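User: I would like to go through a model with you before I return to the bench. Could you take my questions one at a time?
Analyst: Certainly; please show the structure and begin.

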Amino acid sequence: MTFVLTADTPAHSFRIDLTPQSVLDVGSAVFHGVNVAPGSAVPSDGDPRIDKALPGFLFTCGPDHIRHPVPIEGASDGRRYPLHGSLSSHPAQDILIEEDEGEIACEGRIPVALAHGGRAELTRRWRADRRTGHITLDDTITNTGETAWPRFGMYHINFGTGLFDENTRLTGAMLPGGSLPWRFDEGDMKIFCVPAAETAQHGWAEIAVGPIASLGGRSVHVRFRTDTLPYLQVWRNQSPGCAVLGIEPVSHRFAARADLIAAGDAPDFAPGESAGYGLAFEVR
């Protein structure tokens, strides 16, 4: 079953498919008749949980780990954190849709079993304003277990680059020079991670992807809260059979998990403690 956020006016046309079987993440994201998600053009990382999520427009990484698998601290049996953490593929519960002429919202809660044995719960609320085309995501993660653990978070927002041409760029104050070609640097696959909090406005950073010709020259604007997502990671993959660009607001700089913990960049998240994340999307 899919829950849908929709609008259909000349100024603002979108269809956002939310996937309750996987955290109410976003599958297809259709703006003005164009699905910007990568679909089958995204490469597999070999983890079936992630393979189900990657073809969509947004999937959520964390809350106990981000990036690639590493050993669980103190585990003597060789257990490892899974790719991108434990959250992916957990189903949403108590889903509620609220709708009127101007706005549609969808909320739910996602209990999460963590790789190290702890527990967490994600409370998620999507809202879409049909009058302005503004789409927002408000997340709250809570440690519902009995032990403390370092909290990590990252949002993977994936675009199919088959929609892009030589005029498409990335534009944002956190980027070198404020703007980069979408196919930055040489080679088929590249990644970088930059601070975003220092250049944020009123606690929010913004990056635009566009213009996209098939969207009538419009751009997709992504905004994110920098108190809990102070970095922006960007990657692209144009290897044979692949055509994807990832815009990834993230809680931590690009460094090994052990190094982040040792440096004090990933303090303990205590039982009962909560933290919020925020994203917003708009095509204009």
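User: How many nonpolar, polar and charged residues are in the lining of the second largest cavity?
Analyst: Please bear in mind that this is a predicted model. The lining of the second largest cavity has 4 nonpolar residues, 4 polar residues and no charged residues.

User: Which residues line that second largest cavity?
Analyst: Its lining consists of Ala 11, His 12, Ser 13, Phe 14, Phe 31, His 32, Gly 133 and Val 283. The space inside the second largest cavity is about 50 Å³.

User: How many cavities of 30 Å³ or more does the whole structure have?
Analyst: The search finds 3 cavities of that kind. The largest cavity holds about 80 Å³ of space.

User: Which residues are closest to the centre of the largest cavity?
Analyst: They are Thr 60, Cys 61, Leu 87, Tyr 155 and Tyr 277, out of 13 residues that line the largest cavity. By class, this lining divides into 9 nonpolar, 3 polar and 1 charged.

User: Which strands each supply at least two residues of that lining?
Analyst: Strands β5 (58-61), β9 (135-143) and β11 (154-160) each do so.

User: Let us stay with β9. How many bridges does β9 form with β8?
Analyst: β8 and β9 pair over 9 bridges, in the antiparallel sense. One of the contacts to look for is Thr 123, whose bridge partner in β9 is Thr 140.

User: What lies between β8 and β9?
Analyst: The two strands form a hairpin with 5 residues between them, and Gly 133 in the turn has a positive phi of about 80 degrees. Gly 133 is also one of the residues lining the second largest cavity.

User: And on the other side, in which sense do β7 and β8 pair, parallel or antiparallel?
Analyst: Strand β7 (residues 103-113) and strand β8 (residues 119-129) pair in the antiparallel sense, over 11 bridges. Pro 111 has Glu 121 in β8 as its bridge partner. The hairpin of β7 and β8 has 5 residues between the strands, and Gly 117 there takes a positive phi near 105 degrees.

User: A change of topic: which residues does a cis peptide bond join?
Analyst: One cis peptide bond joins Gly 62 and Pro 63, with omega about -5 degrees. Another joins Gly 210 and Pro 211, with omega about 0 degrees.

User: Where are Pro 63 and Pro 211 found?
Analyst: Pro 63 is in the loop between β5 and β6 (93-99), whereas Pro 211 is in strand β15 (residues 204-212).

User: Why are cis bonds and positive phi values worth listing?
Analyst: They are listed because most peptide bonds are trans and most residues other than glycine have a negative phi.

User: Which residue other than glycine has a positive phi near 60 degrees?
Analyst: That is Asp 185, found in the loop between β13 (179-181) and β14 (189-195). Leu 24 is not a glycine either, and its positive phi is about 55 degrees. Leu 24 is in the loop between β2 (13-19) and β3 (25-31).

User: Is Leu 24 buried or exposed?
Analyst: Leu 24 is buried, because its relative accessible area is 0% and the cut-off for buried is under 20%.

User: And is Asp 185 buried or exposed?
Analyst: Asp 185 counts as exposed, because its relative accessibility is 55% and the cut-off for exposed is over 50%.

Notes:
Residues are numbered from 1 along each chain as its sequence is written. This is a predicted model: local features need pLDDT of at least 70, side-chain atom pairs count only at pLDDT 80 or more; totals for chains, interfaces and linings use all residues. Side-chain values use heavy atoms; hydrogens and water are left out. On a 1 Å grid over the protein atoms alone, a cavity is a set of points where a 1.4 Å probe fits but cannot get out, and a pocket is an open set with protein on both sides within 12 Å along at least five of seven lines; lining residues have an atom within 4 Å of a point. Grid points are joined across faces, edges and corners, and a volume is the space filled by probe spheres set on the points. Helices (H or I, at least four residues) and strands (E, at least two) are DSSP runs, numbered from the N terminus. Ala, Val, Leu, Ile, Met, Phe, Trp, Tyr, Cys and Pro count as nonpolar, Asp, Glu, Lys and Arg as charged, and the others, Gly among them, as polar. Two strands pair if DSSP finds at least two bridges between them. Buried means under 20% relative accessible area, exposed over 50%, partly exposed in between (1.4 Å probe, protein chains only).
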